[in-house]
Amino acid sequence: MITGMRYDQHSRSKGGLSPRLGLFMNPFPTSTLKLLHGSAFRAPNVYETYYEDPYLAKGNSALKPEKITTSELIWEQAISAGLLSEMALYYYSMENLIDQMLDPADSLLQFRNLAEVRAYGVEWDLRANLKKGWYAYINLNVQRAADFESGQPLSNSPGLILKAGVSLPLLSRLYLYSEGIYESGRYSIRDTKTTAYFLCNAGLKVTRIRKRLSCSLRVKNLFDTGIMLPAAYEHELELIVQPRRYIGVVVSYSR
């Protein structure tokens, strides 16, 4: 068992205690069960509290700090040498979540505290470190985040995310990697929903070109998929078009 306590004091808000607790068990030689519980808080920043524009926004000196309480149940299972699976159930409760809203009285934007937001979901992860430098993973996350009082789902929060990737050696220092990402639609601030999308990234990486020097060719959005994500209140558009295919070269030096 691991436990701890953190105390934070901020000049614009009251101090807060953030307890943490972790229980760990090994029911089988290749299995680990974790129970994690904790809380944290975030004080409103200067922009959220004081930013004003006579035609766009107004400040809110009465903002309260955000507070989140988290609980997670995690099962880790070593299936074989180099193959690890993890399943997690989680539940988050957020109080005074800070979000930007439109005041109907004067049509100005203002950051306000939401009463309470709850999120829960399940995540599954499988990772394989195979022989000869092969590596692969798959990750699935099914979740729901909603306002506790109204039951309305939060904007810009996908309900399903699926990721998978693989990296394989072509030569002694040349690797090919690729990953795919699928996301379900997200609600916008006007309660419309974006379409789901699939995104593919790929690349080639050459390690140790000269001692600690490496170079990689990266291609993001390989199939040039059109993606639109929800905008915020300060944007004129309801949805924002995301970048299309991107090709770049990255040179890195590790000490």
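Let me begin with Tyr90, which is buried in this predicted model, at a relative accessibility of 10%. Its ring pairs with that of Tyr92. The two centres are 5.3 Å apart, and the planes meet at 35°, which gives a tilted arrangement. Tyr92, for its part, is partly exposed, with a relative accessible area of 23%. The pair therefore joins a buried ring, that of Tyr90, to the ring of a partly exposed residue, Tyr92.

How many aromatic pairs are there by this rule? The count is four. One of them brings together Tyr47 and Phe111, whose ring centres lie 5.6 Å apart. Their planes stand at 70°, and because an angle over 60 degrees is classed as edge-to-face, that is the label for this pair. Where do its two members lie in the chain? Tyr47 belongs to helix α1, residues 46–50, and Phe111 to strand β7, residues 108–113. The pair therefore ties together parts that are 64 residues apart in sequence.

As to burial, Tyr47 is partly exposed at a relative accessible area of 43%, whereas Phe111 is buried at 13%. Tyr47 and Phe111 also belong to one aromatic cluster, together with Tyr51.

A further ring deserves mention, that of Phe148. The charged end of Arg118 sits over this ring, 3.7 Å from the ring centre.

I turn now to two strand residues. Met94 is located in strand β5, which runs over residues 83–95. Is Met94 buried or exposed? With a relative accessibility of 15%, Met94 counts as buried, because the limit for that class is under 20%. Leaving aside residues up to four places away in sequence, Met94 touches Lys67, Ile68, Ala115, Glu116, Val117 and Ala119. Lys34, by contrast, is 60 residues from Met94 in sequence, and the C-alpha atoms of the two are 22 Å apart in space.

The second of these residues is Ser167, in strand β10, residues 160–169. Ser167 is buried as well, having a relative accessible area of 18%. Which residues does Ser167 touch, not counting those up to four places away in sequence? They are Gly133, Trp134, Tyr135, Tyr175, Leu176 and Tyr177.

Next, Pro158. This residue is placed in the loop between β9 and β10. Although it is a loop residue, Pro158 is buried, with a relative accessible area of 7%. Its contacts, again excluding residues up to four places away in sequence, are Gln143, Glu183, Ser184, Gly185 and Arg186. Tyr187 is 29 residues from Pro158 along the chain, yet their C-alpha atoms are separated by 7.9 Å.

The largest pocket is my next topic. Rolling a probe the size of a water molecule over the atoms shows where empty space is left. The volume of the largest pocket is about 740 Å³. Its lining consists of 30 residues, and those nearest its centre are Asp99, Pro153, Leu154, Ser155 and Ile189. Which elements give two or more residues to this lining? They are β5, β6 at residues 98–103, β8 at 116–129 and β9 at 135–147. The largest share, four residues, is provided by β9. Strand β5, the strand of Met94, is thus among the contributors to the lining of the largest pocket. By class, 17 of the lining residues are nonpolar, eight are polar and five are charged.

I close with backbone geometry. Most residues other than glycine have a negative phi. Against that background, Asn221 has a positive phi of about 55°, although it is not a glycine. Asn221 is found in the loop between β13, residues 213–220, and β14, residues 228–230. Asp224 lies in the loop between β13 and β14 too, and Asp224 likewise has a positive phi of about 55° without being a glycine.

How accessible are these two loop residues, in terms of what is buried and what is partly exposed? Asn221 counts as buried, at 3% relative accessibility. Asp224 counts as partly exposed, at 28%.

Terms used:
Residues are numbered from 1 along each chain as its sequence is written. This is a predicted model: local features need pLDDT of at least 70, side-chain atom pairs count only at pLDDT 80 or more; totals for chains, interfaces and linings use all residues. Side-chain values use heavy atoms; hydrogens and water are left out. Rings of Phe, Tyr and Trp (its six-membered ring) pair if their centres lie within 6.5 Å; planes under 30 degrees apart count as stacked, over 60 as edge-to-face and the rest as tilted. Buried means under 20% relative accessible area, exposed over 50%, partly exposed in between (1.4 Å probe, protein chains only). A charge sits over a ring if NZ of Lys or CZ of Arg is within 6 Å of the ring centre and within 35 degrees of the ring normal. Contact means heavy atoms within 4.5 Å. On a 1 Å grid over the protein atoms alone, a cavity is a set of points where a 1.4 Å probe fits but cannot get out, and a pocket is an open set with protein on both sides within 12 Å along at least five of seven lines; lining residues have an atom within 4 Å of a point. Grid points are joined across faces, edges and corners, and a volume is the space filled by probe spheres set on the points. Ala, Val, Leu, Ile, Met, Phe, Trp, Tyr, Cys and Pro count as nonpolar, Asp, Glu, Lys and Arg as charged, and the others, Gly among them, as polar.
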